[in-house]
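Biologist: I have a new model on my screen and would like to learn how to read it. Could you walk me through it?

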Amino acid sequence: MQELRLLCLVVLAGLVQACPELCECGEKYGFHIADCAYRDLQAVPSGFPANVTTLSLSANQLPSLPGGAFREVPRLQSLWLAHNEIRSVAAGALASLSQLKSLDLSHNLISDFAWSDLHSLSALQLLKMDSNELTFIPRDAFRSLRALRSLQLNHNRLHTLAEGTFAPLTALSHLQINDNPFDCTCGIVWFKTWALTTAVSIPEQDNITCTSPHVLKGTRLNRLLPLPCSAPSVQLTYQPSQDGAELRPGFVLALHCDVDGQPAPQLHWHIQTPGGTVEIASPNVGADGRALPGDLAASSRPRFQAFANGSLLIPDFSKLEEGTYSCLATNELGSAESSVNVALATPGEGGEDALGRRFQGKAAEGKVCYTVDNEVQPSGPEDNVVIIYLSRPRGPEAAAAAEGVSGKQPPGLLLLGQSLLLLFLASF
């Protein structure tokens, strides 16, 4: 019995002292250290003692960090991974290290990083990610790092920073972010203002410079002159002509999204019809109404034609194209959206009666619609119901109609034909 107990003790002692073959494990100053640096390792080894608090894997040849790479060492407080060949850090690679205080990933090739893993590292105080290939940092990347004191992001490929990126870092005292190829456009102006007013130490500010646009190349960010910047604004407009005229079979629906903002916003159409949702990045057609070259998935004349001037044309509009039409404008400073709901009722099918009753109800309440210069206007700010009859313009094709929207006709011209009753519920 005594021999069995001795054998168990020997086995347990061996387990406590377990260490990967190429590493050295021991205790120093109360820390349980595993030293695997300079071992030409190409993968994170297994077999670490569970009580390891410091792990060095620096100066190896690790190409990536897979999910669960450090599951064996949940008590880690320091992890050193500098000077490897790491290109990607998978989701879950670091998430289990809730006690981690120091993380060094510097001098690698990281371009693909699981930023969400940082949300689990609330004890982190030092984060070194300098000298990598990072091009983007999500706005909420550091949202849980309220204990972080030092952050190094210098010598990467960052072009811009989302406003508020560093706001959660309430304990931050040192930020190094020099030698990145910043685009000095409206999206970076907030950082210039923040850097000039923050109490955080930001060394080497002479090397925080603009790479683009070309006229600002080499300009120090802290000397960047004010830029004309504004968030997007949109207005989805329409102006019926020939109100009450005789309707003709087949028509073209033309909407116009008037967009403003600096830098010039990108326009996107979101269309919800009975048949499903359609997403269109504008433009999807040229001035002639034909699909742009290289768009192999589109027909020669798409069902929904989005032009570069902000116009959207739907040739042969029918019940299938009923629904909600929304234009969304986005630039570096934000986004804005405007929508219009289009419903058709064919005389004699009951829909006309329903729309008519709604219109008559508005009239009974004293909220009738009226026209000013052929543009239908609601009589009150809460009244968004407009019923109109229009006829199709003769002769021109869809592209010509688009030119009319931006040329002879006012922006937002709504061209409708066919013997249909239209209900517009416009929301801005």
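Modeller: Sure. One idea to start with: two strands count as a pair if DSSP finds at least two bridges between them. Keep in mind that this is a predicted model.

Biologist: Okay, bridges. In S2, which residue is the bridge partner of Lys 28?

Modeller: That would be Phe 31. Lys 28 and Phe 31 belong to a longer ladder: S1 and strand S2 (residues 31-35) are joined by five bridges and run antiparallel. Further along, Asp 35 in S2 sits opposite Glu 24.

Biologist: And what happens at the turn, in the hairpin of S1 and S2? How many residues lie between the strands?

Modeller: Two residues lie between them, and Tyr 29 in that hairpin has a positive phi near 55°.

Biologist: Now zoom out. How do I read a whole sheet?

Modeller: The general idea is that strands of a sheet pair through backbone hydrogen bonds, either parallel or antiparallel. Here, eight strands make an open sheet with mixed pairing, and the order across it is S1-S2-S3-S5-S7-S9-S10-S11.

Biologist: Which are the edge strands?

Modeller: Strand S1 (24-28) and strand S11 (174-176), each of which pairs on one side only. From one strand to the next, the twist averages 10°.

Biologist: On to cysteines, closer to my own bench work. How many disulfides does a search of the whole structure find?

Modeller: Five. Count the bonded cysteines along the chain and the pattern is 1-3, 2-4, 5-7, 6-8, 9-10. Let's go through some of them, starting with the one that joins Cys 19 to Cys 25, S to S 2.0 Å.

Biologist: Why is the disulfide of Cys 19 and Cys 25 right-handed?

Modeller: Look at the torsion about the S-S bond: for Cys 19 and Cys 25 the value is about 75°, so this disulfide is right-handed.

Biologist: Are Cys 19 and Cys 25 buried or exposed?

Modeller: In between. Buried means under 20% relative accessible area and exposed means over 50%. Cys 19 is partly exposed because its relative accessibility is 26%, and Cys 25 is partly exposed because its value is 29%.

Biologist: What about the link of Cys 184 and Cys 210: left-handed or right-handed?

Modeller: Left-handed, with -90° about the S-S bond. This disulfide, S to S 1.9 Å, ties together distant parts of the chain, 26 residues apart: Cys 184 is in the loop between S12 and helix H2 (189-197), and Cys 210 is in strand S13 (residues 210-212). Both cysteines are buried.

Biologist: And which cysteine forms a disulfide with Cys 186?

Modeller: Cys 229, with the sulfur atoms 2.2 Å apart. The link of Cys 186 and Cys 229 is left-handed, again -90° about the S-S bond. Cys 186 lies in the loop between S12 and H2, while Cys 229 lies in the loop between S13 and strand S14 (230-237), 43 residues apart. Cys 186 is buried because its relative accessible area is 8%, whereas Cys 229, at 28%, is partly exposed.

Biologist: One last residue: where is Asn 178 found?

Modeller: In the loop between S11 and strand S12 (182-183). Asn 178 has a relative accessible area of 0%, so it counts as buried.

Biologist: Which residues does Asn 178 touch?

Modeller: Leaving out residues up to four places away in sequence, Asn 178 touches Asn 154, His 155, Pro 203, Glu 204, Asn 207 and Ile 208.

How values were computed:
Residues numbered from 1 in each chain as written. Predicted model: local features only at pLDDT ≥ 70, side-chain atom pairs only at ≥ 80, totals over all residues. Heavy atoms only, no water. Helix = DSSP H or I, 4+ residues; strand = E, 2+ residues; numbered from the N terminus. Axes fitted to C-alpha atoms, helices over the stretch in contact; angles between N-to-C directions. Buried < 20%, exposed > 50% of the residue type's maximum accessible area, 1.4 Å probe, protein only. Contact = heavy atoms within 4.5 Å. Disulfide = S-S within 2.5 Å.
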